[in-house]
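Please look at the protein shown here, and keep it in view while you read. The paragraphs below are meant to be followed with the structure beside them.

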Amino acid sequence: AASVGHWEKAKETGKVAAWDPQFLAVLEASFANATWEEYMGASRQWTLVHGDYHPWNMMWVEGKPVAFDWEMVGLASGPQDVGQFLVNLEPEFCRQHGRSCAKAYHAALVAAGVTGLSEEDCWTEIRMGGLGRWYSMVPFLCSMVPEKVLVFFYDNVKAFTQEWGVTPENAPAARFWQEVRMTGGVGAGVPPVSRGLRKTRPLRRTQDEADMVEPNASEGATKLLSARLSRQACWR
């Protein structure tokens, strides 16, 4: 997978040599688990996802949040979008509000008619799926961003790895580039149905969703995640 190649290149540059040994071991395990068989065999529900859902891909427009950069949109695990968003925040914020965000998101999924996903499994997929995306992205960023930016992401992903008790034994598979391939963004041999999703227009915000958000309010952030991501379930 492309993500594995970026990991090997990151090691060759020497940029990861000073990283925490335990964190490096988790990354090694994560990329070792990043196989097509693992991805297709995992018992997760698929839906339409943004694919790169984090605060850097959002902005406030006339007091309302707008998501952009939809090039990774495709079929994947909805809770991973939530997890990718949370891992980009302060660990202390997620310690206080992460579980409530997950609970509200799961309740919204159930209200939208989603079945077969327990609240606990949803929370696990948010944590492990979100970290799986970032494990794939951090080595990729080694060749893309200034050192200070790389250090920020490294520190944050490592902090969440420790906070959520991830070890080499339970490390989730690096997932970002596998999702891109499922939607025709990278690689060959993509199924025609998946390629067609590349032409899907971005989801539009509803007025109810726009009205419920206040800048920097944790309650508003919880409602935003629930509203936007539960709507994805309707596209399954």
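What follows goes from the chain as a whole to its cores, and then to single elements and residues.

It should be said at the outset that this is a predicted model. The protein chain holds eleven helices and four strands, and of its 236 residues 48% count as buried. When contacts between residues at least 6 apart in sequence are considered, 76% of them join residues that are at least 24 apart. The accessible surface of the chain comes to about 11000 Å², and 55% of this area belongs to carbon and sulfur atoms.

We can now turn to the interior. In soluble globular proteins, nonpolar side chains tend to be buried together. In this model the largest nonpolar core has 40 residues, and those with the most contacts inside it are Trp19, Ile126, Leu131, Tyr135, Val157 and Val166. Helices α1, α2, α4, α5, α6 and α7 each supply at least two residues of this core, and α6 gives the most, with eleven residues. Apart from this core lies another one, of seven residues, which includes Ala67, Trp70, Val73 and Phe85.

Tyr135 shows how one residue of the larger core can be followed through its contacts: leaving aside neighbours within four places in sequence, Tyr135 is in contact with residues including Phe23, Val26, Leu27, Val157, Thr161 and Val166. Two of these partners, Val157 and Thr161, are among the buried residues of α7, together with Leu150, Phe153, Tyr154, Asn156 and Phe160. An α-helix has 3.6 residues a turn, so residues three or four places apart point the same way. The buried residues of α7 pack against α2, α4, α5 and α6. The length of α7 can also be checked: at 1.5 Å a residue, its 17 residues, from 147 to 163, should span 24 Å, and its end C-alpha atoms are indeed 24 Å apart. After α7 comes Gly165, whose phi is positive, near 65 degrees.

Where in the chain does Gly129 lie? Gly129 is found in helix α6, which covers residues 119-141, and it is buried, with a relative accessible area of 0%. Although Gly129 and Gln80 are 49 residues apart along the chain, their C-alpha atoms are separated by 4.6 Å. Gln80 and Arg175 are among the residues that Gly129 touches.

His54, by contrast, is found in the loop between β1 and β2, and at 9% relative accessibility it counts as buried, because the cut-off for a buried residue is under 20%. Not counting residues up to four places away in sequence, His54 touches Gln84, Phe85, Asn88 and Trp134.

Further along the chain, strand β2 (residues 58-61) pairs with strand β3 (residues 64-67) in the antiparallel sense, over four bridges. One of the residues of this pairing is Met59, whose bridge partner in β3 is Val66. Two residues stand between the strands of this hairpin, and Glu62 takes a positive phi there, near 55 degrees.

Last come the cysteines. A disulfide is a covalent bond between the sulfur atoms of two cysteines. How many disulfides does the structure hold? The structure holds zero disulfides. Cys94 is in none, since the nearest cysteine sulfur, that of Cys101, is 7.3 Å away, and a disulfide is counted here for sulfur atoms within 2.5 Å. Cys94 is buried, with a relative accessible area of 6%, and Cys142 is buried as well, with a relative accessible area of 4%.

Key
Residues numbered from 1 in each chain as written. Predicted model: local features only at pLDDT ≥ 70, side-chain atom pairs only at ≥ 80, totals over all residues. Heavy atoms only, no water. Pairing = 2+ DSSP bridges. Buried < 20%, exposed > 50% of the residue type's maximum accessible area, 1.4 Å probe, protein only. Contact = heavy atoms within 4.5 Å. Areas by Shrake-Rupley, 256 points an atom, 1.4 Å probe, with all protein chains shown as cover. Expected span 1.5 Å × (residues − 1). Core = buried A, V, L, I, M, F, W, Y, C linked by side-chain atoms within 4.5 Å.
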